[in-house]
Amino acid sequence: MIVYAHRGARGYAPENTMASFERALQFNTDGIELDVHLSKDGHVVICHDHTINRTSNAQGLIRDFTLRELKSYDFGSWYGSAFKGEQILTLSEFLEWYAPKNKLLNIEIKNGPIIYSDIEEKVIDILHKFNAVGRTIISSFYHPSLKKAKELDNQIKTGILFECRPINPLQMLIEANADYLHPYWQSLDKAFCQHAAASGVSINTYTINTCEEYNFAAKLGVNAIFTDYPALFITRT
Ligand code: G3P
Ligand code: MG
């Protein structure tokens, strides 16, 4: 099974920072998952929440700060003093480091409830700049972003994120013109997985953090997992 380090290896370092991304590669993960937003001045920046309240030493919405302001905050100390001084990264800064490594990447666009109207174009432009389109999946809980990404660039692979167990996940996939299903692992079941397999659609599931969860997903034949603890799974086949 393919293993993506979720928000970097966030079980061991502050999520979505260079420390967590470096840690993911130390565990030799197949890929990294990260989340993106737009700053006030239009930079694609890596962070999970719409605010920086939980993961920095400041408070406020990402969209209300310029990149320069965001860079002045500490995104590591909340996790532990050893990580003091970790800065927010732009997607370009991340790819400058990550693209030459030829590993897989999942970029989750965090649209909704705040909508960044041109984030899809910006993400795709950056992926092209770093020649990383072929190894990347763009995912989102906001499926219109995925439909738009596909309209902008038919080559880009996309995955629909969802937490519930829809009646027909494949119908959602078709409506978004997406390539992969990215369900919460607890919404998986045999009928769901058999239907996807029969349609030739791969399932990448989040967030698998225990061996029991891993075995459950493996038994159902999922293609990839997102995990906070890649060290637990990376040696498994
Ligand atoms: O891509 C899987 C996972 O990242 C989705 O949820 O909230 O951790 O971004 P979240
Ligand atoms: Mg995510």
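Q: What makes N28 stand out in the backbone after helix α1?
A: In this predicted model, N28 follows α1 and has a positive phi, near 60 degrees.

Q: Which residues of helix α1 are called buried, and what do they pack against?
A: Within α1, which spans residues 18–26, the buried residues are M18, A19, S20, F21 and A24, a label that calls for under 20% relative accessible area. These buried residues pack against the strands β1 (2–6), β2 (31–38) and β3 (44–46), and against helix α3 (91–98).

Q: Why is C193 called buried?
A: The relative accessible area of C193 is 6%, and buried means under 20%, so C193 counts as buried.

Q: Why is C164 called partly exposed?
A: C164 has 48% relative accessibility; because buried means under 20% and exposed means over 50%, with partly exposed in between, C164 counts as partly exposed.

Q: How do you know that C164 is in no disulfide?
A: A disulfide requires cysteine sulfur atoms within 2.5 Å, whereas the nearest cysteine sulfur to that of C164, belonging to C193, is 15 Å away, and therefore C164 is in no disulfide. A search of the whole structure likewise finds zero disulfides.

Q: What makes the approaches of R7, D35 and K110 to ligand 1 polar contacts?
A: A polar contact is a pair of N or O atoms within 3.5 Å. A polar side-chain atom of R7 lies 2.8 Å from an oxygen atom of ligand 1, one of D35 lies 3.2 Å from an oxygen atom of the ligand, and one of K110 lies 2.8 Å from an oxygen atom of the ligand, so these pairs meet the cut-off. The protein covers 92% of the 290 Å² of accessible area that ligand 1 has on its own.

Note on methods:
Residues numbered from 1 in each chain as written. Chains lettered and ligands numbered in written order. Predicted model: local features only at pLDDT ≥ 70, side-chain atom pairs only at ≥ 80, totals over all residues. Heavy atoms only, no water. Buried < 20%, exposed > 50% of the residue type's maximum accessible area, 1.4 Å probe, protein only. Helix = DSSP H or I, 4+ residues; strand = E, 2+ residues; numbered from the N terminus. Contact = heavy atoms within 4.5 Å. Polar contact = N/O pair within 3.5 Å; in protein donor to acceptor, adjacent residues only side chain to side chain. Areas by Shrake-Rupley, 256 points an atom, 1.4 Å probe, with all protein chains shown as cover.
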